[in-house]
Each structure stands twice: as C-alpha cells, then as structure tokens.
Amino acid sequence: AHLDRIAAVDGDVHAFLHVNEDDALATAADVDARRAAGEELHALAGVPIAVKDVVVTKGMPSTAGSKILEGWIPPYDATLVEKLRAAGLPILGKTNMDEFAMGSSTEHSAYGDTHNPWDLDRIPGGSGGGSAAAVAAFEAPLAIGTDTGGSIRQPGAVTGTVGVKPTYGGVSRYGLIAMASSLDQAGPVTRTVLDSALLHELIGGHDPRDSTSIPEPLPPLVAAARQGALGDLSGLKVGVVTQLQGEGYQPGVLARFHESLELLTKAGAEVVEVSCPSFDYALAAYYLIMPAEASSNLAKFDGMRFGLRVEPTDGPVTAERVMAATRGAGFGDEVKRRVILGTYALSAGYYDAYYGSAQKVRTLIQRDFAAAFAQADVLVSPTAPTTAFKLGEKLDDPLAMYLNDVATIPANLAGVPGISVPNGLAASSEGGADLPTGFQILAPAKADDRL
Ligand code: GLN
C-alpha cells in the first residue's frame with residue numbers, strides 16, 4: 001500500500017531519492033511467513049520505514065543529497081539500519097535532504113526540491129524534509145531523520161509530524177555520514193508519539209562501534225509514552241524559555257503555543273518562566289562549531305576514496321588538482337560556504353577568537369540548561385519561529401535560513417533530547433491557507449522518557 005502511495009504522489013512531493021521496492025516486498029513477505037509460523041516478532045515487524053539518505057544502507061545508494069556521492073553503494077549498514085532489518089521493518093527507500101544535512105528547507109539537495117504535502121509550493125523543512133514529507137504524505141508510516149541543529153524537529157513542525165532528537169549518544173552514529181560529529185543524532189519521524197517511542201527504543205542503546213555512544217540502556221520509552229497518554233500531568237513543572245519566543249516568531253505560531261500552555265495547565269502541570277540568557281548566542285556559536293567540524297569531516301571526499309572523481313582536463317593530473325576539480329564539481333554552494341567558514345574559523349591565528357570563543361559559549365549554554373532543569377522538569381518553546389515558507393523565498397539569504405533554527409539549536413549544543421509534536425495550524429506569514437506549527441519539549445540528558 002505504501003509503495004502504491006509513493007507511486008501515486010511522489011511525483012509531486014519528491015520525498016524519495018531511491019525506492020527499494022523489491023527488497024521491501026521481500027522483507028514484508030518474510031515477516032508474514034515468520035508470523036504465520038508462530039514466531040514472536042518485534043511490535044514494528046512488517047511496518048515499512050523510510051530512511052534519510054545520510055544514513056548508509058548496504059547495497060542501496062546513500063548520497064547524503066550530494067553529487068559527490070552519486071553512484072556510491074555502501075558496503076555496510078549503519079547500526080540503526082541493522083536494527084531495523086533485524087526487527088523486520090521493510091525499508092521503503094532513501095529520502096531527500098539538504099546536501100550533507102546543511103539547510104532548513106531541503107532546497108540545498110543536489111537532486112531537486114522536496115515539496116511540503118500541505119502546500120506543494122512550500123518547503124518541507126530541512127535538512128530532513130524528505131523524511132518528514134514522506135510521513136506527512138502517508139508515503140511511509142515511519143521515517144528516520146538526523147538532527148544536528150534541528151533537522152528532525154523543524155521539518156516535523158512544518159509538516160505536522162512528530163520528530164525526536166534523542167540524547168546525544170543515545171542512538172549510534174555508526175554509519176551516519178557525519179556533518180558535525182559532536183552534534184549529530186539520528187531519531188524517529190512519525191505521526192504519533194507512541195510510534196516515535198517504539199522506533200526510538202528499537203534503534204537506540206549502546207553501540208561499541210560509536211565511541212560517543214552512552215554505555216547504558218535507554219530509559220523505558222514505550223512504557224513512558226503509554227503512561228503519558230493517560231494525560232495526568234500533576235506534579236510536572238514546565239519551563240517556558242524566555243529567549244525562545246517573541247521577536248521573529250510569527251503571531252499564529254505564538255498563539256498556538258500559548259493555547260497549548262493552557263492545556264498543559266488544565267492537565268495539572270505547573271507552567272513557569274525560565275531564563276536562559278546564553279541561548280541568544282547559540283546560533284552564532286553553532287555556525288562556528290558546526291562548519292568547523294563539517295570542514296574536517298568533509299575532507300575525506302577527495303575524489304579518490306568515494307563516489308565522484310573529476311580529473312582536470314587542462315594540465316597535469318596531480319592529486320591536489322584532482323581533489324580541487326572533484327570538490328569544485330561535487331559540492332554545492334552551501335557546502336562550499338560552510339567548508340570555507342569552517343576552515344577559516346580553525347586556521348592559525350583565528351582559532352581562539354572564533355572556534356575557541358564558540359566552545360566557551362557552548363559551555364555557558366550547557367550551564368543555562370543545568371540551571372533551567374533545576375527549576376523545571378521540561379523546557380518548552382515553539383519548535384520553529386515560522387510556518388513553512390515558500391520554496392525559493394530564503395534561498396538567496398543564508399542568514400534568514402539559519403534563523404529558522406534558533407529554537408532547536410541549543411539542544412544540540414548541550415546534547416539534551418528534544419521532541420516536536422504537532423501543535424495545530426496557523427495562518428502563513430502572508431495569510432492564506434493554514435499550515436502546521438510545532439511544540440518543542442526539551443528534557444535533561446538521558447531523560448528521553450520524560451519527552
Ligand atoms: N538547519 C541547520 C543547518 O543547516 C540544521 C541542520 C541539521 O540539523 N542537520 O545547519
């Protein structure tokens with residue numbers, strides 16, 4: 001049914017870069033046979049899933065949205081993909097994304113735009129717009145995303161889906177094509193919180209192949225989601241972050257946010273205001289740390305080891321000239337912008353002023369979180385300051401694009417978990433049809449069950 005749905009709507013939505021039809025059907029048939037034989041299977045066995053193209057899948061293309069990896073077929077599965085396969089989830093295919101997960105609109109993909117199913121002229125968020133659009137368009141019931149600065153939660157908000165960024169170290173990064181290694185986390189994109197809990201519990205847990213993986217079991221997420229569904233929030237302290245509302249937030253987004261705060265109060269929660277003054281510098285710190293790490297991670301795309309290789313036609317074919325020609329042709333403008341920013345921030349003489357200062361700000365943000373979680377059990381904000389904007393609207397203005405992540409980035413800098421849940425519709429910035437908004441909840445590290 002989902003393959004039929006993909007065939008029917010993906011010409012318009014373009015959520016998928018690769019559809020894995022035969023293999024998905026074979027897995028589904030295998031699960032049916034095992035279930036018929038009385039085998040006890042995982043709750044999600046037979047439930048199909050879409051996987052963001054930055055996650056490597058054995059025998060299936062994995063481009064990370066970049067021309068530089070066109071034609072590369074990974075010889076291994078990411079740990080989380082191994083877990084999906086072992087539990088019997090048919091993999092429907094690979095979803096579109098901003099190149100190397102750099103962007104907030106999926107317009108930086110080398111393979112064309114993904115369209116928001118709510119309004120095909122609008123962006124589905126980014127970088128994981130393909131995963132969110134696939135779930136929102138009913139092409140997949142579940143998807144995997146990755147979140148370095150908001151790429152699961154912000155697409156979730158603008159497509160009306162649930163997106164979870166787990167605690168840093170909670171889900172293995174083995175087999176994720178790295179963007180910024182100290183920030184990257186993979187997580188679920190689904191239509192309900194319980195689905196996210198089921199998927200998160202399946203893909204999470206310690207992995208010795210990822211040195212930053214937490215060597216402890218996850219908290220019991222599915223049990224927590226079922227408990228949460230009972231709706232009694234008495235005793236829960238909810239902290240509204242002063243710095244994550246107000247200027248730059250669309251009025252309709254704020255209106256829905258405040259209505260949800262009232263619902264939380266009615267359900268028994270105590271809503272308090274908490275101030276995190278260093279959050280005002282989170283975006284600036286992120287746009288030094290992330291490009292610095294990305295410039296280093298992307299150095300391996302040299303025209304020799306993976307995918308694309310371009311040899312210069314004018315003059316000698318030296319290693320350095322092959323690298324320059326390959327990277328010149330293989331990387332898009334946004335990736336080049338960040339590699340240049342990152343190498344500059346790390347260069348001798350500037351390191352302390354830029355990268356070093358950004359790391360200090362990161363520490364201050366972690367301290368703000370620690371102080372805030374001493375006053376409240378969870379912190380909340382709108383997930384994104386705006387509803388989905390029009391395709392092309394912010395493409396020539398990188399700073400405007402970056403500002404869409406103000407509310408999601410602090411969690412990545414501190415490693416804490418976050419979820420975006422659908423929060424009702426609001427008028428778009430130009431008026432017109434109503435569009436989805438998201439409600440973000442953040443919890444202390446390793447307290448993903450609280451989400
Ligand atoms: N939009 C942010 C960026 O461009 C976040 C990306 C992400 O989480 N992968 O960096």
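These are my notes on the record's active-site residues, the ligand shell and the nonpolar core.

**Ground rules.** I'm working with a predicted model, where local features need pLDDT of at least 70, side-chain atom pairs count only at pLDDT 80 or more, and totals for chains, interfaces and linings use all residues. Numbering runs from 1 along each chain as its sequence is written.

**Active site.** I looked up the UniProt record, an unreviewed entry, and it puts "active site" at Lys-52, Ser-127 and Ser-151; such annotations may be inferred rather than shown by experiment. They are spread over 100 residues of sequence, yet they cluster in space, with a largest C-alpha distance of 10.8 Å.

**Lys-52.** I found Lys-52 in strand E2 (residues 49-52); strands are DSSP runs of at least two residues and helices (H or I) of at least four, numbered from the N terminus. Buried or exposed? Lys-52 is buried, because it has 31 other C-beta atoms within 10 Å (20 or more count as buried, 12 or fewer as exposed, with partly exposed in between; C-beta atoms are placed from the backbone).

**Ser-127.** This one sits in the loop between strand E3 (91-95) and helix H4 (129-136). Ser-127 counts as buried because it has 34 C-beta neighbours inside 10 Å. Beyond neighbours within four places in sequence, its contacts (C-beta atoms within 7 Å) include Met-97, Ala-101 and Ser-151.

**Ligand.** I see 14 residues around the ligand (C-beta within 6 Å), and among those that come nearest are Ala-101 and Ser-151.

**Core.** The largest nonpolar core (buried Ala, Val, Leu, Ile, Met, Phe, Trp, Tyr and Cys joined through C-beta atoms within 7 Å) has 117 residues. Helix H9 (residues 282-297) gives the most to this core, nine residues.

Key: Two residues are in contact if their C-beta atoms, placed from the backbone, lie within 7 Å.
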